[in-house]
Every structure is written in C-alpha cells, then in structure tokens.
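Visitor: I would like a close look at a single part of this model, followed from its own pairing outwards to whatever surrounds it. Please take the smaller details along with the broader picture.

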Amino acid sequence: MRPWTAQRWPAQPQGEKAPAWLLDTKRTPGTALVPEKEPEDVSAGPRHPVLCRRCAHVVSDAALKAEVDGKVTHARLNPAGVLFVFDCFGDAPGCTVHGAPTTEAAWFAGCAWQYAHCGRCGAHLGWRFSGAHSFFGLVSERVVEE
Ligand SMILES: [Zn+2]
C-alpha cells in the first residue's frame with residue numbers, strides 16, 4: 001500500500017462512530033441515498049404511457065386497454081363515412097370529455113358516447129362510451145404508445 005493512501009481520506013475522529021451512510025455497505029459510491037426500490041403499486045404493472053400525438057400529453061396507459069365485444073381494436077364508420085380505427089381503454093385520465101352523452105349513431109349497443117379530447121392541447125382523440133359498458137375509444141393514429 002502506498003504510504004499516502006490513508007491520508008487521502010478524512011481521519012475518523014477517535015471514539016466517534018462513523019455516520020450511518022458510511023457503514024451502509026449496500027450503497028454504491030456516487031449514488032444518492034434513495035430507497036433501493038420505489039414502492040410499487042402491484043396492481044398497475046409496468047407503465048406504457050399512451051400519449052397525444054400532437055402534444056405528447058399522457059392520456060392513458062397501454063395497461064388500461066380493455067376488450068369490448070371481444071376485442072380491443074375496433075374500426076367504425078361515422079355517419080359521414082369516415083373510418084376510425086381505435087383501441088378501447090378502461091380509462092383515459094388525461095382526456096377531457098365534452099358534450100352530453102348521446103346514443104345517436106351509436107357504435108356499441110346500449111352505449112352512449114361523448115367526445116374525448118386531449119386534456120392539454122384539446123385535440124380530438126376519440127370518445128368516451130358509457131351505459132352497457134364504460135370505456136374510452138382512442139383513435140390509433142391520434143395517439144402514440146411509448
Ligand atoms: Zn394533446
């Protein structure tokens with residue numbers, strides 16, 4: 001051992017206990033003193049945010065995808081003949097919902113619908129359905145999955 005090695009470190013005062021963080025052998029040098037693991041919400045599973053394509057606001061999570069009438073992805077024509085392909089989500093907390101629920105030209109039996117917009121930029125992302133089932137349909141080309 002080189003003679004100066006010991007002097008490179010502050011001398012431990014005689015009779016004084018080393019602070020706890022010095023004795024923590026699990027701590028790797030240079031890391032902050034944080035819990036090894038964040039407390040996990042086991043019900044949530046891994047996070048796969050679903051973002052608004054226009055502004056990247058998190059509107060939902062892929063883990064919230066839900067089957068409606070036996071499938072997650074649906075394709076529907078609106079009365080104007082525009083085709084929408086959308087995935088169903090049990091919830092989309094990042095969306096704001098507009099309009100009164102209506103069953104006019106309903107796509108799902110027993111379900112009324114409202115417009116669902118991005119909660120940040122206001123882009124129309126899909127619909128909220130309620131009634132026989134409650135879920136969001138988010139248009140695939142208007143959201144991005146991380
Ligand atoms: Zn947005």
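Guide: In this predicted model, β1 and β9 run antiparallel and are joined by three bridges. Within that pairing, valine 50 stands opposite glutamate 145 in β9. The two strands belong to an open sheet of three strands, in the order β2-β1-β9 and with antiparallel pairing. Because β2 (58-61) and β9 (143-145) stand at the edges with a single partner strand each, one side of each is left without a neighbour in the sheet. Neighbouring strands here are turned against each other by 30 degrees on average, if direction is ignored.

The loop between β1 and β2 holds alanine 56, whose phi is near 70 degrees, a positive value in a residue other than glycine. Alanine 56 counts as partly exposed because it has 14 C-beta neighbours inside 10 Å, and a residue is called exposed at 12 or fewer and buried at 20 or more. A positive phi also occurs at alanine 105, where the value is near 50 degrees, and that residue lies in the loop between β5 and β6. Alanine 105, with 11 other C-beta atoms within 10 Å, is exposed.

From the loop, the path leads on to valine 59. Leaving aside neighbours within four places in sequence, valine 59 is in contact with Val50, Leu51 and Cys52, and also with Ala92, Gly94, Cys95, Cys118, Gly119, Leu125, Leu138 and Val143. Valine 59 is also one of the residues that touch the most other members of the largest nonpolar core, a set of 21 residues, and it shares this standing with Ala92, Cys95, Leu125, Phe136 and Leu138. At least two residues of this core come from each of β1 (49-52), β4, β6, β7 and β8 (135-139), and β6 gives the most, with four residues.

Several of those strands lead to the other sheet, an open one of six strands in the order β3-β4-β8-β7-β6-β5, with antiparallel pairing. Its edges are β3 (73-77) and β5 (95-102), and since each has a single partner strand, one side of each is left without a neighbour in the sheet. The twist from one strand to the next averages 30 degrees.

Inside the six-stranded sheet, strand β6 (residues 111-118) pairs with strand β7 (residues 124-131) in the antiparallel sense over seven bridges, and histidine 117 has histidine 124 in β7 as its bridge partner. Towards the other edge, β3 and strand β4 (residues 83-89) run antiparallel and are joined by five bridges, with phenylalanine 86 in β4 as the bridge partner of histidine 74. These two strands form a hairpin with five residues between them, and glycine 81 in the turn has a positive phi of about 85 degrees.

Set against the whole chain, the part you asked about belongs to a fold with one helix and nine strands, in which the helix comes at the N-terminal end of the order and the strands follow. Among contacts with a separation of 6 or more, 46% are between residues 24 or more positions apart, while buried residues make up 19% of the 146 residues in the chain.

Key
Residues numbered from 1 in each chain as written. Predicted model: local features only at pLDDT ≥ 70, side-chain atom pairs only at ≥ 80, totals over all residues. Pairing = 2+ DSSP bridges. Axes fitted to C-alpha atoms, helices over the stretch in contact; angles between N-to-C directions. Contact = placed C-beta atoms within 7 Å. Core = buried A, V, L, I, M, F, W, Y, C linked by C-beta atoms within 7 Å.
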